[in-house]
Structures are given as C-alpha cells and as structure tokens.
Amino acid sequence: MAQSLELLLIQFLMPDNDARRQAEEQIKRLAKDPQVIPALVHHLRTAKTPNVRQLSAVLLRKKITGHWAKLSPQLRQLVKSSLIESITLEHSPPVRRASANVVSIIAKYAVPTGEWPDLLPFLFQCIQSAQEDHREVALILFSSLTETIGNTFQPHFANLQSLLLKCLQDETSTRVRVAALKAVGSFLEFTHDGAEVVKFRDFIPSILSVSRQCLANGEEDVAAIAFEIFDELIESPAPLLGESVRSIVQFSLEVCSSQNLEANTRHQAIQIISWLAKYKSNSLKKHKLVIPILQVMCPLLAEATHGDEDDDLAPDRAAAEVIDTMAVNLSKHVFPPVFEFASLSSQSVNPKYREASVTALGVISEGCFELMKDKLEPILRIVLGALRDQEQMVRGAASFALGQFAEHLQPEIVSHYESVLPCILNALEDTSDEVKEKSYYAMAAFCENMGEEILPFLDPLMGRLLAALQNSPRNLQETCMSAIGSVAAAADQAFIPYAEGVLEMMKNFMVLTNDEDLCSRARATELVGITAMAVGRTRMEPILPPFVEAAISGFGLDFSELREYTHGFFSNVAEIMGDGFVQYLPHVVPLAFSSCNLDDGSAVDIDESDGDENINGFGGVSSDDEAHDEPRVRNISIRTGVLDEKAAATQAIGLFALHTKNSYAPYLEESLKILTRHSGYFHEDVRLQAIMALKNILTAAQAVFQGHNEGPAKVKEVLDTVMVIYIKTMTDDDDKEVVAQACMNTADIIKDCGYMAIEPYIPRIVEATLILLREDSACQQKESDSDNDDDDVEHDEVLMDAVSDLLPAFAKSMGFHFAPIFAKLFEPLMKFARASRPPQDRTMVVACLAEVAQDMGAPIAGYVDKVMPLVLKELASSEATNRRNAAFCVGEMCKNGGEPTMKYYGDILRGLYPLFGEAEPDDAVRDNAAGAVARMIMVHPESIPLNQVLPVFLKVLPLKEDQEESMAVYSCVCHLVLSSNPQILSLVPELVNLFAQVAVSPAETPDVKAQVGRAFSHLISLYGHQMQPILGNLSPAHANALAAFAPKS
C-alpha cells in the first residue's frame, strides 16, 4: 500500500483536475483499511517534498480517529514516536503544524487512558528548548491540545502560565511570541476557573506589545487574536482587567482610528470598546475613559463608508452601537460630551459631520432620555434645523433622530408637537425616498404617543399619507402604513371618517402573494387590526369576516413576518370583539400553537478546517463518513424572524384567553404547557410575553372552572404553575424587564386572588422580594471589576418600581397581618432612600411606604420616627413627583401612625404650607397636600390650628387633578360641616361655592356628591333664607346642581 499511496498523494497534488479527482477516489478507497495509518506515517517521515509530507499529516488527522482502536499497541507506539520525530526534526513549518494537529487528536484518546505518559514531559521540554522551531511547535501543540485534553493541564497550570508569559516576552523570536499569543487565547477559552483566569491579567501588557508588533508587520489576523483574548477577559465574571483597562482601551482606540487597517480589524477593536461599555462600564468610569472613547467614536460617525465595505463592519455603524451602549450604561457621563459634539458639528461645513451630529443625538436618546428631556429645546433646534439641510444624508439622519426621540423621550417630546409635526409633514414631501421613509418612521413613532392633540393635524396628515400609500414604491408604502396605524391609534374615534377608505385599500394588500410583496401584506394586516381598535366592535363586526379569512390564508405563504403581524391582528380583533371572537378560536388558536412550536431556528456554523488543509485544496479528501473530528462551533446566529413570530404568538395565546374567558376551555391545557416552556425560553422577548400571558391564562381558568365541583382544585393547579414560574423568574431570570413583569403580575395576583389563595406562596414571594431589594438577583449582577458607589447609581425604573409594588400588594391582601413580613423588608427598602441615591429612588420608597401605611394600618406606628425625617425632607424636593408622594405619605402616616405622629404635626404643616401657594406649579402636588391636611384633621382636629389652616385649605379646592384624594378631602370638609364646627362655619360662602363645583364635576363620584349634598342640606337647615344672597351669586348651572340637594319644603 505504501508505494501506491505515495503515487496517489503526488497525483493528488497535480494541477490537473481529472488526475486529482481520480487520486481522491482511490485515496478514499484505501483509507477504509487501518493499514493506511502506518503507510501515511511512513510518508510523513520519508516523502521528499514537504507538500506530500503535509498531505500525509492532514489525512492522518482525518483518519486516525476511525482506525486508532483497530491498531496494535506496537503500531500505536510507532505512530506516536513518528509524530514526535516529525515535530522535532521536520524543517517545514506547515508540516510541523499538521503533525501537531494529529498529536492533538491522538492525545484525546491516548492521554486519559495513560497510553502516552511521556507526551506532556516532552512538550514542557520543547517549550524550554533553545531551538526556536521547538518552542513554536510546543506552543502550537499546547493550543490544539486544550481543545481535546485541556483537563490534563490542570495540575500544571501555574507552571504553564509562567512559561507562556516567558514565551510572550521572547525577544529573540516573533514566531514564538505569535504562537504564545495563540496559546493564551486557547487556554482562556478553555479555563473557567476564576482564580486561574485572574492570573492572565499579568499577560495583558505583553499581549498588547505582540499585537502592536504584528500590526506593524501587517499581520492583522494575528493581532486580531488579542481582541479575542480581551473579549474572553471582558465577559468573564472575574475581575480580570484591573488597571489594564486603560491600556486595552488606548490600543483599541488606536486600531479603530487607523483607516489604513482592514475593516474587520477595526471592527474588532470597536467591538472591544462596546463590550467594555456593556460589561465593565464602571471600569470605564473609574479610569476616566468615557470622554477619550467618545472623542474617537463621535468623529467615527462622520467617516465615509467605502462602497465595497460590508455595512455591518462600517466604522460609523459600529461607533453608533458603542455610543448607544455607553449611553444606556453611563448616561450621566455620556450626554454632556455627545451634546457638545452635536452642537459643534451641527455648524460644520462638512455634511458628514452635520449628519454625525444628529445621528449621535438619535443614538443616545434611549440611554440618556432623562437628561435629554431637560434639554429638548436646544436639541430640537439642532435636529429640526438638520431636517431642512440641503444635503439628503443630513435630512435622513435628522428624520431618524426624530423617530428615536418619539420612541424614547416620551411624554415630553409630544408637548413639542406644534413645532415637530409640521417639520415632519414637510419632510414627507422630500425629494429623497430615503428621507421620506425615515420621516414616515418618525411620524409613526411620534403619533403613537399622541392623543387628542393630533386632531388639528388629522386632515393634512391623512391626506399626505393616503396619497403616498397610492403612489409610492413598496418600501415607502410599508412605512406609510405604520404611520397611518399610529395616527389611527392616537385619533381613536376621530379616525372613523378615514377608516373605510383605509380598510378598502388594505383589502388589496392583504391578497398579495408574491414574495417581494409579503412585507407589505404583513403591514396591511397589522393596520387593519389597529384600525379595528380605533373604530370599535359595532362598526367592525359586520365587515370583519373577509379580513379574517385573508389573514388566515396568509399563513400558507410561509413568511415569518406575515405570521407575526397576523398574530397581532388576531390579538387586536379578540380585544374589540370579546365574546364575539369565540367563533374564530378553532381557526386561530391552532395557528398560534404552530408558531409557538416552531423549531427555534438557531443556526450553528461549523468550521472543520484547521487552516492548513486548504492551502492546496487538501480539504476535499476529508469528505467521507469516517471523519469524526470534533467540529469547532464558530458562531451562533439566531433567525430573529422566527423569534418575533414566537413572541407574537405567545402574546396572542394570552389575549385570546383573556378576552374569551370560559370559551377558551378547550385550549387551556395546551396553552399552559406552551407558556410554561416559553417562560424559560432562551430569548427575553419570548419569555416576557410568556410571563404576561400566564396571568391571562389564570384569569381564563378562574372563569372556566367557576361553579365546577373540581373548580377550586383546578384553579389551584393553574395558580400553582403560574406562581412557581413567577417566583423562579424573579430571582433567576437575567433580564430586568422580564423580572419586572413577573413582579407586577405577582402583585396583581396577590391583590386579585386575596390572602387565602396566595398564602402558600407568601414565604417564597417574600424571599424573592428580599433578594431583589438587596440587589442580589440574577438580573442585578454588576460587574466585579469595580465598586458601584451610591453617588453614581441610577434609578432602575424598569425593575425597582415593579419590585416596590409588591409591598403594597401584600399590605392590601393581608392588612395588619403584614406587619411581621414588613419588618423584614423595611431596612432593605430604606437603603434606596439614602440621601446619596437618585431622587427617583427616594420617591419610590416614599410612595411604597404611603401605600403600605394605607393598608397595613396601625403597625406603621412603629416606623414613624424612621420614616418621618425622610418624608419631611422630600416635601421640599425640587421634583414634583417627590413632593406629591411625600404629601400623600405624610397624610397616610398621620392617619394610621397614631400617637408617634403627634410630635411631627408642626413640622408637617410647615412643610405642607408652600405646596398650597402660588409658587407650587403642580396641581397634583397641591391635591395631595390637601389630602394630607384632610387626614390630619380627621384623626387629630385638636392638634390643627383650624382658624389658620382652613382658609388656606379651602382656597385650593376643588381638586384639580388627583381625584383619588376626593373621598379624604370632601369627607373631612363635610364632617366638619355636619358637626357644625365653628371654624368652618365662618367660611360658608367658600363652602357653597366649593359644593357647587363638586356637584357639577364629571370627575367626581356619586358617593362624593352625595356627601357634599348632605353637608349642603345641613347648611340650609342651619341658615335657611340667609343663604339666598350666596346662592344668588352662583351661575345657573351651579345653582341648579345644588338645588337638587336642597331639602324639599
């Protein structure tokens, strides 16, 4: 075989394709015989040309796995010793590397069984050899062996690390330094032990030095290994970077600024900055790196992209991602320098810089929304100015930025509609389709959050949009439909005059079947659902069947986005139709189930090449079934279409259940199985929808099993499933939005189902709440490289507001029995009220305490002295929300806190007094201050100087905004009147005027009006005809409303 094989190997390397093909066929046939192994070993050692020796090694690597067990011990020994000889004596680097790869495969089987005891000593000897070739090949072997027998190195780790560091610093050989760099990368991928990984921190200066050298020599692919190493170090939970963060950032910024480097290399450098912003943002802050990074990233936004460049690698796009990530994680530090860049660049003569200025503002709007809301005037000046720029690219970026603002700067941005909407309307007429498309997006995002303020613009808006819908290319029609959907949602019933025309046009889109038209069909399906929501059941029900039919037929077109929007359409229809949707359940529920059960669509690309085989096309020889080498997973990509479809279908299941209640019975069991599975799904979008839908399934189950003999047990089963998932999610899920939703739903269930139903889960819910308040849950894990100081912490609006809602829910369902649990939760909650915390944290605590006091009652007395100093300070806050919550809290504390509150009455009244004056700009704050005073009067009237307080108190009535305070305020006033309190009876004209306004107010409840009526009747009985002059001063409407309450004579 040896002789014939040698000829075939030579023939395989010929340029003649036919000769190659024949040789390949015969090699494949010979390779089925185990004797091919010694033959290949022979050629590896004796063939005259390096190419044949290399090919022998490549084939050995491919075939050794299938034949190793069939070889005799003597042959195995021969193979091992020949490979060691090849590695130490071979002159050709490619042959040495190919031999090293074979060693790696054999080691996988031979080392764990003790068959190759001298391999590791040999490698340690090689790595310390005086010969450069030996050191290099030992490092190559260490790299490949970590993949197969990494665990064997465990006992030698410390020794190996010091040798690797020595090789990285080898001044005599670039080849050794590069091989050491690769070996470090392999070891890092393999090592997950925090203590061992930390030691790699010492390697960073040497890694940077080797990388800079490689870049200088044009070896960008080798330098890229450094970025892979940094990637591993950044993502590790261990504190690996320390002081090195500064030098890594400096190196990455040098690379991404170098326009002469490959796009891919620069992109990797930018990616490192992005990972640091995501995983180690505190380190960037601590080492004052935010501004140096932005000084490079902002100008990168203005870098021109070459036509042949992959969009995903374009520096401007990658820089935008970095700025976005930094804004989300470091908003306070990012906004000032980016705003400064935008202000200066907006005046630049270079259009790329003018474009960059508005792109930067759009990109940071999600992360810096709080800071941007305070600077909306100057920001809008820049962006609306750019919308009129002579350059199309600048106008396009301005439209994009406006769309981002509309999405993230709510509700403040909507108050600027008078200046923004006309500009967007104007941009819809732009000569550039790209600007038009982005303007429709901006219009859609802007109108989505508008209400009746859209009405003056409705006619011109719909005129433009309907005309565009008829005369535009497909992509513009799609964004146009989104914009019409937003307008419909904002206009609500006012959209009715346009609905018929829109629905008629949508019929044409909903029958399109060509692949290129399916996105438009999807948008049209969505728009019909939104229009249905605006116009309501009565108008929609008669014309609905053809739309439902078209939506169902769309499922046969195998287009994920269309299925996603169709689930949304059915969800909307279910919401407006209620029980009228039951007829469609047998058709639409199976469609939702089929989307939920779709294959996940994780696409894994396997790369089996080791780099050497494709030099001369050797890869082709390895395609037979016997190649069992372990593949390397190179990347995992997710087909997001399927993911969005699953999320929409999951949401639909919950909404079908909620709106059809007991008619959903046949689908309940399968739905619960799917939602249970999806609550642990790999992507947070699907988990979020599952968490939301589970509560709706519980609502449906309660309706389904009502009145059944086994009803309570069946509901308990569903409740049990839901609560177990929610409690686990609260502590174990790593996404804050998902956890927040689980908290909100748990709070709702506690309030809705009552204490008896949730009593078995209370210890576990309390434990989960404690973990969240201590910030120890999976979604609250911070980076370990640096401490988070309180001064720089930001309010976690998504999560902590939801967590703090759990305490009032407990109090509502348990009343004073909540006291022992509250004792455990109080201190962890109060951590958020420290002076160093942001104002939103403190007001969250105050609002939570107010609601707990309201429902827990008397036990709150034990906390008065700890809470009152905080609340008094909050009454003077510069934030209206803080003052409002503090006023509400102070009232509830006084109402329920008993004796301990008495000593604070003077301070409280002094704190509340400014909230009644002209200087208080917020009506809701004033209403809550009135509520607080009312509660204080009701519990301890003797402690209030009524002669001073009542005139001020009555002057701010009636309530303007917060009608939740009505019962407390008007009960107090009416109680004083009915008990003929002399202080209030001196204010009869004010009282009559107040009662008249309450009597005509559409915002007040019948109960409140009845109380006022009784108090007014009491005044009539006291003063009779003396009241006539006062009543005569009232308007007819007010006089008539009060007359209805007057006692009939």
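## Ala269 and its surroundings

In this predicted model, Ala269 is in contact with Phe227, Ser252, Val255 and Cys256, once its neighbours within four places in sequence are set aside. Ala269 is found in helix H15. Its relative accessibility is 0%, and it therefore counts as buried, the cut-off being under 20%. A further spatial relation links Ala269 to Phe251: the two are 18 residues apart in sequence, and their C-alpha atoms are 8.2 Å apart in space.

Gln268 also has its place in helix H15. With a relative accessibility of 18%, Gln268 counts as buried because the limit is 20%. Leaving aside neighbours within four places in sequence, the contacts of Gln268 are Ala224, Phe227 and Glu228. Phe227 thus appears in the contact list of Gln268 and in that of Ala269.

## Helix H17 and its cover

Helix H17 comprises residues 290–300, and its buried residues are Val290, Ile293, Leu294, Val296, Met297, Cys298 and Leu300. An α-helix has 3.6 residues a turn, so residues three or four places apart point the same way. Which helices cover the buried residues of H17? The cover includes helix H14 (244–257), helix H15 (263–279) and helix H16 (281–286), together with helix H18 (315–329), helix H19 (331–345) and helix H20 (351–364). Helix H15, which holds Ala269, is thus included in the cover of the buried residues of H17.

Lys288 lies in the loop between H16 and H17. Although Lys288 is not a glycine, its phi is positive, at about 55°. The relative accessibility of Lys288 is 67%, so this residue counts as exposed, for which the cut-off is over 50%.

## Helix H32

Helix H32 runs over residues 560–577, 18 residues in total. From its first C-alpha to its last, H32 reaches 26 Å, close to the 26 Å expected at 1.5 Å a residue. Is H32 enclosed or exposed? Of its 18 residues, 15 are buried, so H32 is largely enclosed by the rest of the structure. The residue that follows H32 is Gly578, which has a positive phi near 55°.

## Backbone geometry in the loops

Most residues other than glycine have a negative phi, and most peptide bonds are trans. Several places in this chain are of interest on these two points. Besides Lys288, with its positive phi of about 55°, Glu775 is a residue other than glycine with a positive phi, near 60°. Glu775 lies in the loop between helix H39 (762–773) and helix H40 (797–804).

Where are cis peptide bonds found? One runs from Gln410 to Pro411, with omega near -5°. Pro411 lies in the loop between helix H23 (392–408) and helix H24 (417–427). Another joins Leu957 and Pro958, with omega about 5°. The place of Pro958 is in the loop between helix H48 (946–955) and helix H49 (966–978).

## Pro205 in helix H12

Pro205 is a proline found within a helix, H12, which spans residues 204–216. The relative accessible area of Pro205 is 52%, so the residue is exposed, the cut-off being over 50%. Pro205 and Ser244 are 39 residues apart in sequence, while their C-alpha atoms are 7.7 Å apart in space.

## The chain as a whole

The secondary structure of the chain comes to 54 helices and 2 strands. Along its principal axes, the C-alpha trace spans about 130 × 75 × 65 Å. Of the 1049 residues in the chain, 56% are buried. Contacts between residues at least 6 apart in sequence join residues at least 24 apart in 74% of cases.

The accessible surface comes to about 44500 Å², and 51% of it belongs to carbon and sulfur atoms. The chain carries 88 positive and 142 negative side chains. The centres of these two sets lie 3 Å apart.

## Domain assignment

The assignment gives domain 1 (1–116), domain 2 (288–304 + 312–449), domain 3 (834–956) and domain 4 (983–1048). Domain 2 is thus listed in two segments. Taken over C-alpha atoms, the centres of domain 1 and domain 2 are separated by 60 Å.

Definitions and conventions:
Residues are numbered from 1 along each chain as its sequence is written. This is a predicted model: local features need pLDDT of at least 70, side-chain atom pairs count only at pLDDT 80 or more; totals for chains, interfaces and linings use all residues. Side-chain values use heavy atoms; hydrogens and water are left out. Helices (H or I, at least four residues) and strands (E, at least two) are DSSP runs, numbered from the N terminus. Buried means under 20% relative accessible area, exposed over 50%, partly exposed in between (1.4 Å probe, protein chains only). Contact means heavy atoms within 4.5 Å. Accessible areas come from the Shrake-Rupley method with a 1.4 Å probe; for residues, only the protein chains shown count as cover. Lys and Arg count as positive and Asp and Glu as negative; His and the chain ends are not counted. The place of a charge is taken as NZ of Lys, CZ of Arg, CG of Asp or CD of Glu. Domain bounds come from an automatic or database domain assignment. The expected span of a helix is 1.5 Å times one less than its number of residues.
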